[in-house]
Number of protein chains: 4
Amino acid sequence: MTPIRRYGLETPDVNGGKPLRADARRNRARVLEAADDVFAAKGVSASTEEIARRAGVGVGTVFRHFPTKEALLQAVLVERFGRLAEQARGLAGAPAPGPALFDFLHHIVAQSATKNVFTDALTKAGVEVEEMVAEVGRELWSALDTLLTRAQGAGAVRDDIRTGEVIAVIVGASRAAEYAGRDPDLQARAVAVIFDGLRPGPRP
Amino acid sequence: MTPIRRYGLETPDVNGGKPLRADARRNRARVLEAADDVFAAKGVSASTEEIARRAGVGVGTVFRHFPTKEALLQAVLVERFGRLAEQARGLAGAPAPGPALFDFLHHIVAQSATKNVFTDALTKAGVEVEEMVAEVGRELWSALDTLLTRAQGAGAVRDDIRTGEVIAVIVGASRAAEYAGRDPDLQARAVAVIFDGLRPGPRP
Amino acid sequence: MTPIRRYGLETPDVNGGKPLRADARRNRARVLEAADDVFAAKGVSASTEEIARRAGVGVGTVFRHFPTKEALLQAVLVERFGRLAEQARGLAGAPAPGPALFDFLHHIVAQSATKNVFTDALTKAGVEVEEMVAEVGRELWSALDTLLTRAQGAGAVRDDIRTGEVIAVIVGASRAAEYAGRDPDLQARAVAVIFDGLRPGPRP
Amino acid sequence: MTPIRRYGLETPDVNGGKPLRADARRNRARVLEAADDVFAAKGVSASTEEIARRAGVGVGTVFRHFPTKEALLQAVLVERFGRLAEQARGLAGAPAPGPALFDFLHHIVAQSATKNVFTDALTKAGVEVEEMVAEVGRELWSALDTLLTRAQGAGAVRDDIRTGEVIAVIVGASRAAEYAGRDPDLQARAVAVIFDGLRPGPRP
DNA sequence: CATGAATGAGATTTCATTCAT
DNA sequence: TATGAATGAAATCTCATTCAT
């Protein structure tokens, strides 16, 4: 029973709560992965047909697992948020809280670099995203909160920062990285500058 | 010498260089403003029909002034970039170079707060934006460069920063602000944190 | 009082029967000529805007002279039919009736080679073309009838041919010429073969 | 070995070469037939919507089978050309080569009587029609070439005629027939006259 | 009168979603 | 259950026609 399973990655009630057949579960995973890739590459306006093609299934199969395109997008986000939350929890006991936090921030940005979906969704998160995503989002928030508190305790982050700001800064850094596009040096410098804003006092 | 002529804000040569008739110019401006609002509120996938409705004109009028939707989007950007560049040039001789730069940065973010179009386009700028937008973008770049150099001369900005990074950071700050959405306090704090990354040494 | 004037080349009643001002008459002629060219080059689906551009006037002017696009097309045809009828009448007293007819036939085809409009209209003529065009058409029919009768009297055309067939054959020859397109040799041979069908001789 | 496969009547590779499902094949045929009828009745500017209506399917279905209107028109032509080529080949061994050719010519004209599409396309054929149509056109050309040579061998057609002229003459006869419209007698006589031009005999 | 900007119905094309196979 | 064909609403764009300048 991984946290991922626990937080509703199944489309609710599509088959009345019965566990999915092995092949169905496999198809579901392939669709999810394909959707992640395609949304990342072409934005959320990419067609369902293309996702199906990439997943090697028919469109009908996509809609069997995710009743609407919106639901598919949310499932992609739940998946991502869930993974990130899990990774954050794994860092909660790290010996060096400062580097633990900053490494995690860079990890998120690296993941999102060309993946506008992720931050798009985070941006809308407070407004209209469904409960399921919101719940996994709270998991992530909470894990991040722990990392932040510990980093502040270690003097690696300014005291006047709270988790909300950190998330906003992550969103910003991801977008800056996306903007920097094909220039990896510029990307690295811009992200570094943004995260430096979180650090206290004189720069290391 | 209207600012409009000077900053190239017109679609080039749609009617062979003749000046627009009074009513046409009025409608063009209304369409542009409506497009800016609608793109900002609903993203670039908002329909042309809605823009026409908001501008109080028929769709045909929109297409008369801007032959494709893409052209309309570009005109919106040219307009924005042009205005920003003009403002940046206006600050070039300001007595306090540090505040001049930071005020300008905040100004851009304030303008873009809920207007993803702007940074969306900046993000694509290096890749596929047309020459006209690119040109106005270069004007902005150059004006920003001046402000940055003077702020560094005044010790208000780290010496290892270049204009490219500043633009990436602006993009990031704009997106962070957009994310912060309805919480103005969070918005202000997140943007402040991000721009603090540009400042040298110990934080004020 | 040319036949051209006589057969209704003016749009009926656009200005209550008053004679057109000199500049208006000039514009009307330019529009007519431009329409002929443009319809010929691009087919009847060419836009009114393009015709206006070619005529060097505004669209409004086109519509002032010809209340609908259909009316403009008809005026073009009336013009053409009228000119042809006039030329046919001029040949009525020619010393060699056979060559007179065949030269006239080739003349029509040469004129129509790339001008589908003309034969398009002839094709619809029996069905739905307006009275004005029909009237000028009858003029042409009658002039052609004279040429045909004389050519048959001279033994240059089969006796079992009537004017209706000749017109149909003209339409066919024009289209064959149009088909032959860029190959002038093929064009000449095909048209010659078709008109040879009108000549007397042993038929298997 | 269906004639359909053999004569390339299918849109190539729209679904990766897999055979169409039964219902899809049925719909495709209905669309093609409806398009043929509608194009014939109203010309190529008839709307896709009307074709869909006539076929009893949604517009989407038309576009699934034929990605553009142009593609649909071409498919109609390929269908027709293919059928004609097949029929021509069927006549290649006929005992009386003269009548075989002339019967075939009349057959084409009868088919095209009210169907301007066919000759419209033939007219443009040398210029811009796509490869697929051109290929089927070559098949037709080649079959016709055989018929012609044999008819000339039998002394039923002038020796100075080549296949190119025959095709041009067919186009002309079809248009003459179309022109003759509602008068079947006139139609028959005009077509006969035109084809008589192909027969041998004294030419003045 | 001339102009060309504005209009809006209609054309082509796309795509999320449904449903027969 | 999986498939992909069918659907039709909606989007972009065109153009004959009207009307303010």
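Which residues come nearest to DNA strand F? The legends below take up this question and then turn to the other parts of the predicted model.

**Figure 1. Residues around DNA strand F in the predicted model.** There are 34 residues around this strand, and A:Thr61, D:Asn27, D:Gly58, D:Thr61 and D:Arg64 come nearest. Of the atoms of DNA strand F that come within 4 Å of the protein, 69% are in sugar and phosphate. Sorted by class, the residues of the surface near DNA strand F are ten nonpolar, 15 polar and nine charged.

**Figure 2. Elements that form the surface near DNA strand F.** Three chains appear in this view. Chain A supplies at least two residues from each of α2 (22-42) and α4 (59-65), and chain D does so from each of its own α2 (22-42) and α4 (59-65). From chain B, α3 (48-55) also supplies at least two residues. The largest share, five residues, comes from α4(D).

**Figure 3. Polar atoms of the protein beside DNA strand F.** Two of the atom pairs shown involve a phosphate oxygen of the strand. One phosphate oxygen lies 3.2 Å from a polar side-chain atom of A:Arg64. For C:Lys69, a backbone N or O atom lies 2.9 Å from a phosphate oxygen. At A:Gly60 the partner is a base nitrogen of DNA strand F, which is 3.2 Å from a polar backbone atom of A:Gly60.

**Figure 4. Residues around DNA strand E.** This strand is surrounded by 34 residues, of which B:Asn27, B:Gly58, B:Thr61, B:Arg64 and C:Thr61 are the closest. Sugar or phosphate holds 68% of the atoms of DNA strand E within 4 Å of the protein, and the rest belong to bases. The surface near DNA strand E has ten nonpolar, 15 polar and nine charged residues.

**Figure 5. Chain C at the phosphates of DNA strand E.** Three residues of chain C are shown with their partner atoms. The side chain of C:Asn27 has an N or O atom 3.2 Å from a phosphate oxygen of DNA strand E. At C:Gly58, a polar backbone atom is 3.3 Å from a phosphate oxygen of the strand. A polar side-chain atom of C:Thr61 lies 2.7 Å from a phosphate oxygen. Two or more residues of the surface near DNA strand E come from each of α2 (22-42) and α4 (59-65) of chain B, α2 (22-42) and α4 (59-65) of chain C, and α3 (48-55) of chain D. With five residues, α4(B) gives the largest share of this surface.

**Figure 6. Residues 47-66 of chain A.** An unreviewed UniProt entry annotates this span as "DNA-binding region". In the model the span is 75% helix and 0% strand, and its end C-alpha atoms lie 14 Å apart.

**Figure 7. Confidence along chain A.** The average pLDDT of chain A is 83, and 78% of the residues score at least 70. Residues 1-16 of chain A have a pLDDT below 50, and this stretch has 26 contacts in the model beyond near neighbours in sequence. Where pLDDT is low, predicted coordinates should not be read in detail.

**Figure 8. Chain B superposed on chain A.** The superposition takes a rotation of 178 degrees with 0.1 Å of shift along its axis, and the RMSD is 0.3 Å. This is the relation of a two-fold axis. The copies meet through the same surface, because 100% of the interface residues of chain B are also interface residues in chain A.

Methods: Residues are numbered from 1 along each chain as its sequence is written. Chains are lettered from A and ligands numbered from 1 in the order in which they are written. This is a predicted model: local features need pLDDT of at least 70, side-chain atom pairs count only at pLDDT 80 or more; totals for chains, interfaces and linings use all residues. Side-chain values use heavy atoms; hydrogens and water are left out. A residue is near a molecule or strand if one of its heavy atoms lies within 4 Å of it. A polar contact is a pair of N or O atoms within 3.5 Å; within protein, one must be able to donate a hydrogen and the other to accept it, and residues adjacent in sequence count only if both atoms are side-chain atoms. Helices (H or I, at least four residues) and strands (E, at least two) are DSSP runs, numbered from the N terminus. Ala, Val, Leu, Ile, Met, Phe, Trp, Tyr, Cys and Pro count as nonpolar, Asp, Glu, Lys and Arg as charged, and the others, Gly among them, as polar. pLDDT is the predictor's confidence in each residue, from 0 to 100. Contact means heavy atoms within 4.5 Å. UniProt positions are given in the numbering used here, feature names are shortened, and annotations may be inferred rather than shown by experiment. Copies are superposed by least squares on the C-alpha atoms of residues with pLDDT of at least 70 in both.
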